[in-house]
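Trainee: Hi! Could we go through this one together?
Mentor: Sure, let's have it on screen and talk it over.

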Amino acid sequence: MIGIYFSGTGNTKHCTEKLVHLLDETAQAVPMETKEAVEALSRQNFVILAYPVQYSNAPVLVRDFITNHAPLWKDKKVLCMATMGLFSGDGAGCSARLLKKYGAEIVGGLHIVMPDSICDVKLLKRSAEKNRKIIRAADRKIEKCAENIRRGNYPKDGLYFYDRIAGLLCQRLWFYGKTKDYTDQIKISDACTGCGTCTRLCPMGNLSLKDNRASAGNRCTMCYRCISACPMQAITLLGDRIVEQCSYDKYGSA
Ligand SMILES: Cc1cc2nc3c(=O)[nH]c(=O)nc-3n(C[C@H](O)[C@H](O)[C@H](O)COP(=O)(O)O)c2cc1C
Ligand code: SF4
Ligand code: SF4
């Protein structure tokens, strides 16, 4: 078994590592953007594929990872896990459908509610206490799920037809344009000091330093990793001002 995850602010990393270790202490969870993920995918028969939901869809990087390695999915057993701030309808189902197209057997779908990673939109922010509570509930759900899987009962979150209708009507129909392709909408303010943190972290190599300032290209997969990590709060995407930077580590150890 292997866990392959994409995670912008750490939520999906935590959930994948927890589920994988509960199921098999010797198994590993690896980030999707690394070479190890492809190597592991070719070797293992059971994959937990995990990612944060974006507008009830999988991030473009995740859809590309699936498509770019299409031949490797044939006959793999896959559990699709989607983390989300609130709701996604068929967050797990949207990658499951793509994987099935390439010959994977979908054994389950799992939806885990975690703190919302969009840190430049006030409406989506919750208190630290609320976020800790959300993480505790998520951990309980993962523990229960691992217990059930050990008994051969896989969760089916997001895999039913009505989940697909919910995901479509509540989000994808209206917001598909935002996640259809990589985006060029990253904004970097004059507060940037050129420290290079964001350029080291971006999974897409979308950020570079020019004349001691960070500069963004058109390959952003909207993961909010750089936005949450910039020490000067100089990067925004959907909003114009940072409300509170997000990271699983901030709440998770409590
Ligand atoms: C661009 C974007 C769109 C999002 N869309 C949704 C959504 O449609 N529904 C939802 O419940 N959460 C949504 N979220 C919240 C994330 O899915 C959630 O916080 C996730 O756990 C982040 O995981 P990560 O820390 O592994 O990146 C969105 C986050 C981002 C950055
Ligand atoms: S992390 Fe922030 S301050 Fe550092 S280079 Fe990137 S935008 Fe500039
Ligand atoms: S530019 Fe920032 S938000 Fe976009 S992919 Fe890179 S790290 Fe993620």
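Mentor: First a term: a salt bridge is a side-chain nitrogen of Lys or Arg within 4 Å of a carboxyl oxygen of Asp or Glu. As for the ground rules, this is a predicted model, where local features need pLDDT of at least 70, side-chain atom pairs count only at pLDDT 80 or more, and totals for chains, interfaces and linings use all residues. Residues are numbered from 1 along each chain as its sequence is written, chains are lettered from A and ligands numbered from 1 in the order in which they are written, and side-chain values use heavy atoms, with hydrogens and water left out.
Trainee: Good. Where is Asp 139 placed?
Mentor: Asp 139 is in helix α5, residues 128-150; helices here are DSSP runs of H or I with at least four residues, strands are runs of E with at least two, and both are numbered from the N terminus.
Trainee: And which side chain of opposite charge is nearest to Asp 139?
Mentor: That is Lys 18, 4.6 Å away, and Asp 139 has no salt bridge although it is buried. Buried means under 20% relative accessible area, exposed over 50%, and partly exposed in between (1.4 Å probe, protein chains only). For charge, Lys and Arg count as positive and Asp and Glu as negative, while His and the chain ends are not counted.
Trainee: What does Asp 139 touch beyond its neighbours within four places in sequence?
Mentor: His 14 and Lys 18 are in contact with Asp 139, contact being heavy atoms within 4.5 Å.
Trainee: Switching topic: how many aromatic pairs are there?
Mentor: Three. Rings of Phe, Tyr and Trp (its six-membered ring) pair if their centres lie within 6.5 Å; planes under 30 degrees apart are stacked, over 60 edge-to-face, and the rest tilted. One of the pairs is Phe 46 with Tyr 154, edge-to-face at 6.4 Å centre to centre and 85° between the planes.
Trainee: Where do those two sit in the chain?
Mentor: Phe 46 is in strand β3 (residues 46-52) and Tyr 154 in the loop between α5 and α6 (161-180), so the pair links parts of the chain 108 residues apart.
Trainee: Buried or exposed, what is Phe 46?
Mentor: Phe 46 counts as buried because its relative accessibility is 16%, while Tyr 154 is partly exposed at 29%.
Trainee: Last topic: which residues come nearest to ligand 2?
Mentor: Cys 192, Cys 195, Gly 196, Cys 198 and Cys 230, out of 13 around ligand 2; a residue belongs there if one of its heavy atoms lies within 4 Å.
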